[in-house]
Amino acid sequence: MVLCAWYYVHGIMCMVLCAWYYVHGISTQLRCMMCSIIVSISTISARALCNLKSACSLARCLRRHGQQDEACDLPPALNFKALLSTCQPLAVLAVVMGYAYLADRTSVFAKAPKTFSWTSFSAPLLLFCAVGVATIAPVNEAGTILNRKQTQETRGWMQLVLLVYHYTGASKVLALYFLARLIVALYVFLSAFGHFTYSLRRGQSSWSRITQVLLRLNLFTVLLCIIMDLPYLNYYFVPLISAVYLLVVATSALPPAAWSTSSNPTRAQLVKILCLTAVLCWYRLTPDHLNWILSMTPVRRLFLDEKGTLHEWTFRFGLDILAIPCGMLTALALERGPRLTVSHRRGFLLTLTCATLLVAYSVGMGLLCSSKPYCNLIHTFASPVTLTTFMMMRNAWQPLREHYSRFFDKVGKYSLELFIAQYHMLLADNTHTLLVVVPNSPALNVTAVTVIFLFIAYVVAECTELLLVQWLYHTKRKTVDTRTSPVQHQHSVTLPSAGGHVESRDSKH
């Protein structure tokens with residue numbers, strides 16, 4: 001008990017120190033040395049605090065029995081193996097942070113300017129398409145619209161397109177810039193869809209669930225913010241997806257809640273989503289009012305850019321703001337709406353029609369958009385139609401709906417880490433230049449940098465998952481995958497994914 005209390009006090013002191021030097025500033029070298037130590041001690045402290053009650057029960061049990069036996073189990077916080085299993089992924093993350101700092105903030109590795117060409121942009125995408133087509137497999141959840149394999153596959157190919165887009169500097173081409181905007185909007189759509197589907201199926205989102213999702217999304221980003229001395233908004237994708245999740249949770253919890261069994265739950269949820277849409281449109285057109293309220297809150301520092309303004313947040317959040325209610329409406333329609341049956345022939349024609357409309361819309365926007373601000377405004381209000389058309393194209397025809405690419409699905413599993421890690425381990429100088437590991441050999445350098453980058457993204461994802469298990473899961477849980485047979489129960493630990501779907505892993509505790 002004394003040990004737990006000491007860990008608790010020490011952990012609070014370390015977290016206060018961490019917040020102090022992040023707010024007031026301290027040398028980057030000292031920050032690099034302190035970050036791993038502070039997080040490690042705070043982690044042990046958190047585990048000790050969570051198991052303080054178990055420690056007290058152990059003490060009473062030892063006094064009663066006189067020695068430790070089967071009736072007196074050692075709590076995980078006081079178990080050396082448990083502490084070692086927690087510190088090991090933290091040590092790996094510390095090594096990753098050190099590599100990121102050396103690669104991006106020192107002259108150990110050279111930097112090269114970006115050069116765009118249609119060959120360098122299209123060649124890797126054609127290679128990815130070939131691998132994706134070669135790894136097509138049937139989906140176990142046959143017949144389910146927007147099943148987990150399909151949404152994760154979509155995240156996979158989108159992430160690969162964004163990586164090539166950033167690496168080749170394709171933002172200079174207006175048509176490709178518009179394509180990137182559609183991809184980010186689609187990711188926001190899938191996140192809102194996944195989180196709202198969880199609320200409709202699994203019920204109330206507890207504080208534990210909210211903590212799990214936010215930790216899963218933000219742990220890697222927060223560590224990089226501390227090490228690199230960058231604002232949180234520099235990694236705009238993570239604040240955007242975190243805000244999407246909190247908006248979905250808040251809308252779901254408003255009475256009548258999404259899990260309510262009232263007489264007309266579907267109509268009530270529809271009214272709430274429409275009200276949210278009206279508020280978001282108002283924010284998109286006149287952001288100054290809500291920004292003034294946001295600037296008065298204690299968390300305003302999270303939304304400030306490098307110039308100390310809210311301009312970057314207004315731009316990033318406003319671009320894809322209507323993809324949030326679009327994803328929620330799609331989830332509501334699939335979960336509570338009537339079931340529609342489309343014949344094989346009509347499904348094929350509908351898929352072909354949607355694909356034609358998407359190509360025509362993309363070509364038209366590429367030809368008609370004269371400037372990025374004008375293109376962004378059209379994109380904001382046209383994206384819900386575009387996203388709905390894409391989802392109809394992907395799911396209307398049964399053979400297309402019941403197959404997925406295992407390659408893109410695997411990439412989609414680590415899409416969050418890939419997006420964040422590219423800032424310092426694929427690119428450099430705040431994404432303005434390219435990282436050079438092997439000088440004077442562009443092909444070999446691309447291969448080496450890509451292999452290291454992919455390996456680090458995989459390692460960070462696995463370490464984050466291990467930390468979530470160590471911090472937040474102490475017992476086995478029974479979960480039911482409602483997308484499969486309702487009678488299949490298994491002991492498993494339910495891990496939140498970046499997109500909101502529930503991912504079940506067999507428990508090994």
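Is Val359 buried or exposed? In this predicted model, Val359 has a relative accessible area of 53%. Val359 therefore counts as exposed, the cut-off for that class being over 50%. The residue is part of helix H14, which covers residues 344-368. Together with Val363, Leu367 and Leu368, Val359 makes a nonpolar patch on the surface, with an area of about 450 Å².

The overall make-up of the protein is considered next. The protein has 509 residues, and 49% of them count as buried. Its secondary structure consists of 19 helices and eight strands. The accessible surface amounts to about 24900 Å², and carbon and sulfur atoms account for 67% of this area. Among contacts between residues at least 6 apart in sequence, 76% connect residues that are at least 24 apart.

The interior contains nonpolar cores. The largest of these has 107 residues, and Phe196, Phe220, Phe317, Ile324 and Met425 are the members with the most contacts inside it. Helix H7, residues 174-202, supplies the largest share of this core, namely 15 residues. A second core, separate from this one, has five residues, among them Phe178, Leu182, Met365 and Cys375. The surroundings of Met425 show how one core residue is placed. When neighbours within four places in sequence are left aside, Met425 is in contact with Val96, Tyr99, Ala100, Phe220, Leu435, Val449, Phe453 and Ile456. Phe220, one of these partners, is also listed with Met425 among the residues with the most contacts inside the largest core.

Helix H18 spans residues 415-425 and includes Ser415. The relative accessibility of Ser415 is 2%, so this residue counts as buried. Apart from residues up to four places away in sequence, Ser415 touches Arg155, Gln159 and Tyr187.

Leu319 belongs to helix H12, residues 311-319. With a relative accessibility of 2%, Leu319 counts as buried, because buried means under 20%. Its contacts, leaving aside neighbours within four places in sequence, are with Arg181, Arg284, Asn376, His379 and Thr380. One of these partners, Thr380, is 61 residues from Leu319 along the chain, yet the C-alpha atoms of the two residues are separated by 5.3 Å.

Charged side chains were examined for salt bridges, and the count comes to six. In one of them, Asp104 pairs with Arg105, and the closest N and O atoms are 3.0 Å apart. The two partners fall into separate accessibility classes. Asp104 has a relative accessible area of 3% and is buried, whereas Arg105, at 30% relative accessibility, counts as partly exposed.

Another salt bridge is formed by Asp409 and Lys149, with 3.5 Å between the closest N and O atoms. This pair links distant parts of the chain: Asp409 lies in helix H17 (residues 406-413) and Lys149 in helix H6 (residues 148-167), and the two are 260 residues apart. Asp409 is buried, at a relative accessible area of 8%. Lys149, in contrast, counts as partly exposed, with a relative accessibility of 29%.

Glu153 and Arg394 also form a salt bridge, in which the closest N and O atoms are 2.9 Å apart. Glu153 is located in helix H6 and Arg394 in helix H15 (residues 372-395), so this pair ties together parts that are 241 residues apart in sequence. Both partners are buried: the relative accessible area of Glu153 is 8%, and Arg394 has a relative accessibility of 8%. Helix H6 thus takes part in a pairing with helix H17 through Lys149 and in a pairing with helix H15 through Glu153.

Cysteine residues were also considered. The structure holds zero disulfides. Two of the cysteines, Cys326 and Cys354, were examined for accessibility. Cys326 counts as buried at 11% relative accessibility, and Cys354 counts as buried at 4%.

Notes: Residues are numbered from 1 along each chain as its sequence is written. This is a predicted model: local features need pLDDT of at least 70, side-chain atom pairs count only at pLDDT 80 or more; totals for chains, interfaces and linings use all residues. Side-chain values use heavy atoms; hydrogens and water are left out. A disulfide is a pair of cysteine sulfur atoms within 2.5 Å. Buried means under 20% relative accessible area, exposed over 50%, partly exposed in between (1.4 Å probe, protein chains only). Patches are made of residues with over 30% relative accessible area and no salt bridge: like charges are joined within 9 Å, nonpolar side chains (Val, Leu, Ile, Met, Phe, Trp, Tyr) within 5 Å. Accessible areas come from the Shrake-Rupley method with a 1.4 Å probe; for residues, only the protein chains shown count as cover. A salt bridge is a side-chain nitrogen of Lys or Arg within 4 Å of a carboxyl oxygen of Asp or Glu. Helices (H or I, at least four residues) and strands (E, at least two) are DSSP runs, numbered from the N terminus. A nonpolar core is a set of buried Ala, Val, Leu, Ile, Met, Phe, Trp, Tyr and Cys residues joined through side-chain atoms within 4.5 Å. Contact means heavy atoms within 4.5 Å.
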